[in-house]
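User: I am new to this structure and would like to go through it by question and answer. Please keep the answers short.

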Amino acid sequence: MASTIPAPLPPSTANWHWKNKTVTPWAKQWFERELTTVRVTGEGAEEVGIERVVEVDGDVELGQRKSKLITIYDCRVVLNWSGTASDGTAVSGKLTIPEVSHEITLDGTSDYVYEWRLDTERSPAVDTLFELAKSRLPAALEAKFSAFPAAIIDTHGKDLTVSADPSRQSSPAPSAPNANASSAKGTQSDAALKKRADGTGAVKSSGQAVNTTQVTVDAHFMAPADDLFGLLTDESRIPQWTRAPAKSKPEPGAEYSLFGGGVKGKFVSVTPPKQFVQTWALESPTWPSGHNATLTTTLEQGHDSTKVTWTLDGVPLGMEEEITRNIQGYYVHGLKSIGLGSEL
């Protein structure tokens, strides 16, 4: 039987899905090109600037969530600086910036930290140039860092959006790769879904039956269960790994909202630090209106790690692959992004 190619998703639907693109190699080239143009001068003949980018260690991604482009990056940058003192002495040293991230650049959660090293033998003229470097180079570097998120979007945004006006104000959230193929399945009509029903379950949503199934994702994290429980339920800690606003009060009946409103529901039961159960609904055109699944999150403390299992019961048939990728991308890789060393 000949198969037909499904029609492409309309832009309003296609741009809703959670997608991301790794741009780390490009980012390293950008830092090497842009930061080496930074130079400042003193009141006399002193001049100092960035000579070479020695190292850019970290990951840089561009993601898309709910039609918005979001930058996700956290890098350690090591630079060689050099200059000429007022007496003509060539001066050089090393500068390490432990964190260049979205949180510092756009969210302003903390200040940049600069770790300076002087390699030239000290003298009054050398010390004057060193002070010039420490007082003037940070502002020039931060101007470059401020331009970095826009450069990511301008260069790579077209690879993620079908047709959209990208937003540069969103907080980032770790994202799952290439959910387009599975997302298309979620746009099937109720009649098509009913034909695929295999007894896995059916619930009513907005007066119509929705045939459903269950998906399970698990991962190990290098953190104790009680700490992970707090990261997953405490609204003051959730943004550390979702990179987006959250609402969460871990008690039965309380409403919660994750990923800037991308996922919503209510707590059903809370048993710290072992398990909590929530209703779960995805704010997406492909998710049936008024339909709630049930997410059970279980934490099992091991000898040197904690196993977290997400069991989502009530996933509409045809959306299994998309939802599995979303949980892996947003939950698992979100926690991994803050250094918990997860293993899928």
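User: Which class does the angle between helix H2 and helix H4 fall into?

Analyst: This is a predicted model, and in it H2 covers residues 24-35 while H4 covers residues 124-156. Their axes come within 11 Å and cross at roughly 140°. Angles over 145 degrees would count as roughly antiparallel, and 65 to 115 as roughly perpendicular. The two helices are therefore oblique to each other.

User: What is the handedness of the crossing of H2 and H4?

Analyst: The crossing angle is roughly 140°. The crossing of H2 and H4 is right-handed.

User: How many nonpolar residues are in the contact of H2 with H4?

Analyst: On the H2 side, the contact includes Trp26, Ala27, Trp30 and Phe31. On the H4 side, the residues met include Leu141, Phe145, Phe148 and Ile152. By class, the contact has two charged residues, two polar ones and, as the nonpolar count, eleven.

User: How many bridges join strand S3 to strand S4?

Analyst: S3 spans residues 47-65, and S4 spans residues 68-84. The two strands run antiparallel. One pair across them is Val53 with its bridge partner Leu79 in S4. The number of bridges joining S3 to S4 is 17.

User: Which residue in S3 stands opposite Arg39?

Analyst: Strand S2, residues 39-41, is joined to S3 by three bridges, and the two run antiparallel. A hairpin of five residues links S2 to S3. The residue in S3 opposite Arg39 is Gly49.

User: And which residue in S3 stands opposite Lys19?

Analyst: Strand S1, residues 19-22, also runs antiparallel to S3, with four bridges between them. Opposite Lys19 in S3 is Gln64.

User: Is Thr309 buried or exposed?

Analyst: Thr309 is found in strand S13, residues 306-316. Beyond its neighbours within four places in sequence, Thr309 is in contact with residues including Thr216, Asp218, Thr297 and Glu300. Its relative accessible area is 12%, and the cut-off for buried is under 20%. Thr309 is therefore buried.

User: How many of the nine residues of helix H7 are buried?

Analyst: H7 covers residues 225-233. Its buried residues include Ala225, Leu228, Phe229 and Thr233. The helix is largely enclosed by the rest of the structure, because the number of buried residues is seven.

User: What distance separates the C-alpha atoms of Leu160 and Lys68?

Analyst: Leu160 is found in the loop between H4 and helix H5, and it is buried, with a relative accessible area of 8%. Leu160 and Lys68 are 92 residues apart along the chain. Their C-alpha atoms are separated by 9.9 Å.

User: What is the omega of the cis peptide bond that joins Pro272 and Pro273?

Analyst: Most peptide bonds are trans. Pro273 is found in the loop between strand S10 and strand S11. The cis bond joining Pro272 and Pro273 has an omega of about -5°.

User: What is the relative accessibility of Phe259, a residue with positive phi?

Analyst: Most residues other than glycine have a negative phi. Phe259 has a phi near 55° and is placed in the loop between S9 and S10. Phe259 counts as buried, because its relative accessibility is 0%.

User: What is the phi of Arg243?

Analyst: Arg243 is found in the loop between helix H8 and strand S9. At 8% relative accessibility, Arg243 counts as buried. Although Arg243 is not a glycine, its phi is positive, at about 55°.

How values were computed
Residues numbered from 1 in each chain as written. Predicted model: local features only at pLDDT ≥ 70, side-chain atom pairs only at ≥ 80, totals over all residues. Heavy atoms only, no water. Axes fitted to C-alpha atoms, helices over the stretch in contact; angles between N-to-C directions. Parallel < 35°, antiparallel > 145°, perpendicular 65-115°, else oblique. Left-handed = near helix turned anticlockwise from the far one by under 90°. Contact = heavy atoms within 4.5 Å. Nonpolar A, V, L, I, M, F, W, Y, C, P; charged D, E, K, R; others polar. Pairing = 2+ DSSP bridges. Buried < 20%, exposed > 50% of the residue type's maximum accessible area, 1.4 Å probe, protein only.
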